[in-house]
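Thanks for asking me to look this one over with you. Here is a short walk through it, written for someone meeting it for the very first time.

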Amino acid sequence: MEAVGDTLEELWISYNFIEKLKGIHVMKKLKILYMSNNLVKDWAEFVKLADLPCLEDLVFVGNPLEEKHSAENNWIEEATKRVPKLKKLDGTPVIKEDEEEEN
């Protein structure tokens with residue numbers, strides 16, 4: 001991955017039985033990551049995506065982590081808390097509520 005880490009902007013790796021995101025941090029220009037239907041099951045792996053400074057569009061549906069939290073109705077909230085730069089998650093625009101306006 002190091003060979004393309006400075007230039008790659010899109011990575012489509014759905015349906016690849018991926019459990020771990022080791023080495024993803026080298027993708028400094030990655031804006032779009034489609035990795036649906038893989039095997040990522042814990043937040044420790046998911047938070048590695050926060051190390052990608054340009055990531056704004058993520059498709060993660062079909063991973064055990066997403067399925068568990070979608071069933072609990074807190075997937076978008078929990079995922080965007082851990083990767084706050086996302087603008088789109090699973091095809092849905094991320095709308096951030098301004099906490100100051102709520103007070």
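The points below go from the whole chain to single residues.

1. A word on the source before anything else: this is a predicted model, so please read every value below as computed from that model.

2. Let's begin with the layout. The chain holds four helices and five strands. Read from the N terminus, these elements follow the order β-β-α-β-α-α-β-β-α. It may help to trace that order once in the viewer before moving on.

3. Next, the overall form. The chain has a radius of gyration of 14 Å, which agrees with the value near 13 Å expected for a compact globule of 103 residues. Along the principal axes, the C-alpha atoms fill a box of roughly 45 × 25 × 20 Å. Among the contacts with a separation of 6 or more, 49% join residues 24 or more positions apart.

4. How much of the chain is buried? Of the 103 residues, 39% are. The surface that the chain exposes comes to about 6500 Å², and 53% of this is supplied by carbon and sulfur atoms.

5. There is also an annotation to keep in mind. An unreviewed UniProt entry places the feature "domain: NXF1/2/3/5-like leucine-rich repeat" at residues 14-91. In the model, residues 14-91 are 26% helix and 10% strand, and the C-alpha atoms at the two ends of this stretch are 14 Å apart.

6. Now to the interior. In soluble globular proteins, nonpolar side chains tend to be buried together. Here, the largest nonpolar core has 25 residues, and those with the most contacts inside it are Leu33, Met35, Phe46, Leu49, Leu58, Phe60 and Trp75. The elements giving two or more residues to this core are H1 and helix H3 (75-82).

7. Leu49 is a good place to see that core up close. Beyond its neighbours within four places in sequence, Leu49 is in contact with Leu21, Ile24, Leu33, Leu55, Leu58, Phe60 and Val83. Leu33, Leu58 and Phe60 are also listed among the core residues with the most contacts.

8. Which residues of H3 are buried? They are Trp75, Glu78, Ala79 and Thr80. The buried residues of H3 pack against H1, helix H2 (64-71) and strand E4 (88-89).

9. Do take a look at Glu45, a residue of helix H1. Its relative accessible area is 7%; because buried means under 20%, Glu45 counts as buried. What does the side chain of Glu45 reach? It reaches the backbone nitrogen of Leu21, at 2.7 Å. Leaving aside neighbours within four places in sequence, Glu45 is in contact with Glu19, Lys20, Leu21, Lys22 and Val40, so Leu21 appears in its contact list as well.

10. Ser36 is another polar residue worth a visit. It sits in the loop between strand E2 (32-34) and helix H1 (43-46). Ser36 is buried, at a relative accessible area of 8%. The side chain of Ser36 makes a polar contact with that of Asn37 at 3.1 Å. Setting aside neighbours within four places in sequence, Ser36 is in contact with Ser14, Tyr15, Val59, Phe60, Val61 and Asn63. One of these, Phe60, is among the core residues with the most contacts.

11. Two backbone angles deserve a second look. Most residues other than glycine have a negative phi. Asn73, however, has a positive phi, near 60°, and Asp90 has a positive phi too, near 55°. Asn73 lies in the loop between H2 and H3 and is exposed, with a relative accessible area of 71%. Asp90 is found in the loop between E4 and E5, and at 24% relative accessibility it counts as partly exposed.

12. Finally, towards the end of the chain, Lys96 occupies the loop between strand E5 (92-93) and helix H4 (99-102). Is Lys96 buried or partly exposed? With a relative accessible area of 49%, Lys96 is partly exposed. Not counting residues up to four places away in sequence, Lys96 touches Pro84, Lys85 and Leu86. Lys96 and Thr80 are 16 residues apart along the chain, and their C-alpha atoms are separated by 9.0 Å.

Methods: Residues are numbered from 1 along each chain as its sequence is written. This is a predicted model: local features need pLDDT of at least 70, side-chain atom pairs count only at pLDDT 80 or more; totals for chains, interfaces and linings use all residues. Side-chain values use heavy atoms; hydrogens and water are left out. UniProt positions are given in the numbering used here, feature names are shortened, and annotations may be inferred rather than shown by experiment. Buried means under 20% relative accessible area, exposed over 50%, partly exposed in between (1.4 Å probe, protein chains only). A polar contact is a pair of N or O atoms within 3.5 Å; within protein, one must be able to donate a hydrogen and the other to accept it, and residues adjacent in sequence count only if both atoms are side-chain atoms. Contact means heavy atoms within 4.5 Å. The radius of gyration is taken over C-alpha atoms; the globule rule is 2.2 Å times the number of residues to the power 0.38. Accessible areas come from the Shrake-Rupley method with a 1.4 Å probe; for residues, only the protein chains shown count as cover. A nonpolar core is a set of buried Ala, Val, Leu, Ile, Met, Phe, Trp, Tyr and Cys residues joined through side-chain atoms within 4.5 Å.
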